[in-house]
Amino acid sequence: MADQWLGIVVAGGQLSAVHLAIDSNNAVLNNQFTWKLQSGDEAKAYAAMYERVKDYVANNGIQNVVLKASAVGQNKPTLAHLKSAELRGVISVASVAGGATTNLVQKGTVSRTFGDRKVDEYVQDDSFWAREALGELTKGRREAAILVLSQRS
């Protein structure tokens, strides 16, 4: 039976996700989606996202969630960076509550340890995605998929 994985990248007030089934190093795309925080009261928006993620993980038998972790940049952090970090926290807790093992993985670590290229080079490489049989995956969600592929073994 294939393991169910969810890769998530948070940017601004939204998450981009891919749901992959992985069996014997073969990955099959089950779903891809982007969810935005609802407008209005922030606490209620975070609570709604928590429930949505927790329910998706539980209802789809997700065993592993890989979430792109915060990274220290060269520039001064902005409010947008802090809001994204808050949302990552909500998503990681919701994933665990849904029953998944949750790993926060830094993009730089993946670039150093997965394959022979940087994450951004994999994201742009259409032939790589065709070989992985994930050609229908949108480019905007490839980073979430590479997080999963880097952790699957």
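At what angle do helix 1 (residues 42–59) and helix 2 (residues 79–97) pack, and how far apart are their axes? In this predicted model, the two helices pack at an angle of about 40°, and their axes are 8 Å apart. The crossing of helix 1 past helix 2 is right-handed. Helix 1 contributes Glu42, Tyr46, Met49, Tyr50, Val53, Lys54 and Val57 to the contact, while helix 2 contributes Lys83, Glu86, Leu87, Val90, Ile91, Val93, Ala94, Ser95 and Ala97. By class, the residues of this contact comprise eleven nonpolar, one polar and four charged.

## Strands 1 and 2

Tryptophan 5 belongs to strand 1 (residues 3–11). Its relative accessibility is 7%, so tryptophan 5 counts as buried, the limit being under 20%. Tryptophan 5 and isoleucine 22 are 17 residues apart along the chain, yet their C-alpha atoms are separated by 7.3 Å. Beyond its neighbours within four places in sequence, tryptophan 5 is in contact with Val18, His19, Leu20, Ile22, Ile62, Asn64, Val66, Val148, Gln151 and Arg152.

One of these partners, His19, is located in strand 2 (residues 14–23). Histidine 19 is buried, with a relative accessibility of 4%. Its side chain makes a polar contact of 2.8 Å with the side chain of tyrosine 56. When residues up to four places away in sequence are set aside, histidine 19 touches Gln4, Trp5, Leu6, Val28, Leu29, Asn30, Asn31, Tyr56, Asn60 and Ile62. Ile62 thus appears among the contacts of tryptophan 5 and among those of histidine 19.

Aspartate 23 is also placed in strand 2. Is aspartate 23 buried or exposed? At 39% relative accessibility, aspartate 23 falls in the partly exposed class. Aspartate 23 is 22 residues from methionine 1 in sequence, and the C-alpha atoms of the two residues are 6.9 Å apart. Apart from neighbours within four places in sequence, aspartate 23 is in contact with Met1 and Ala2.

## Salt bridges

Side chains of opposite charge can pair when their charged atoms come close. The whole structure contains eleven salt bridges. Three of them are set out below, each with its N to O distance.

| Acidic residue | Basic residue | N to O distance |
|---|---|---|
| Aspartate 120 | Lysine 107 | 2.8 Å |
| Glutamate 143 | Lysine 107 | 3.7 Å |
| Aspartate 126 | Lysine 139 | 3.7 Å |

The salt bridge between aspartate 120 and lysine 107 has an N to O distance of 2.8 Å. Because aspartate 120 lies in helix 4 (residues 119–124) and lysine 107 in helix 3 (residues 107–113), this pair ties together parts that are 13 residues apart in sequence. Aspartate 120 is partly exposed, at 43% relative accessibility. Lysine 107 is likewise classed as partly exposed, at 24%.

Lysine 107 also forms a salt bridge with glutamate 143, with the closest N and O atoms 3.7 Å apart. Here the pair links distant parts of the chain, lysine 107 being in helix 3 and glutamate 143 in helix 6 (residues 142–151), 36 residues apart. Glutamate 143 is buried, with a relative accessible area of 16%.

Aspartate 126 and lysine 139 meet through their side chains in a salt bridge of 3.7 Å, N to O. This pair links distant parts of the chain as well, with aspartate 126 in helix 5 (residues 126–131) and lysine 139 in the loop between helix 5 and helix 6, 13 residues apart. Aspartate 126 is partly exposed at 43% relative accessibility, and lysine 139 is partly exposed at 46%. Shared partners join the salt bridges of Lys68, Lys107, Asp120 and Glu143 into one network.

## Helix 6

Why is helix 6 described as largely enclosed by the rest of the structure? Helix 6 is so described because nine of its ten residues are buried. The buried residues are Arg142, Glu143, Ala144, Ala145, Ile146, Leu147, Val148, Leu149 and Ser150. Glu143, listed among the buried residues of helix 6, is a member of the salt-bridge network with Lys68, Lys107 and Asp120. Val148, also buried in helix 6, is one of the residues in contact with tryptophan 5 of strand 1.

Notes
Residues numbered from 1 in each chain as written. Predicted model: local features only at pLDDT ≥ 70, side-chain atom pairs only at ≥ 80, totals over all residues. Heavy atoms only, no water. Helix = DSSP H or I, 4+ residues; strand = E, 2+ residues; numbered from the N terminus. Buried < 20%, exposed > 50% of the residue type's maximum accessible area, 1.4 Å probe, protein only. Polar contact = N/O pair within 3.5 Å; in protein donor to acceptor, adjacent residues only side chain to side chain. Contact = heavy atoms within 4.5 Å. Axes fitted to C-alpha atoms, helices over the stretch in contact; angles between N-to-C directions. Left-handed = near helix turned anticlockwise from the far one by under 90°. Nonpolar A, V, L, I, M, F, W, Y, C, P; charged D, E, K, R; others polar. Salt bridge = Lys/Arg side-chain N within 4 Å of Asp/Glu carboxyl O.
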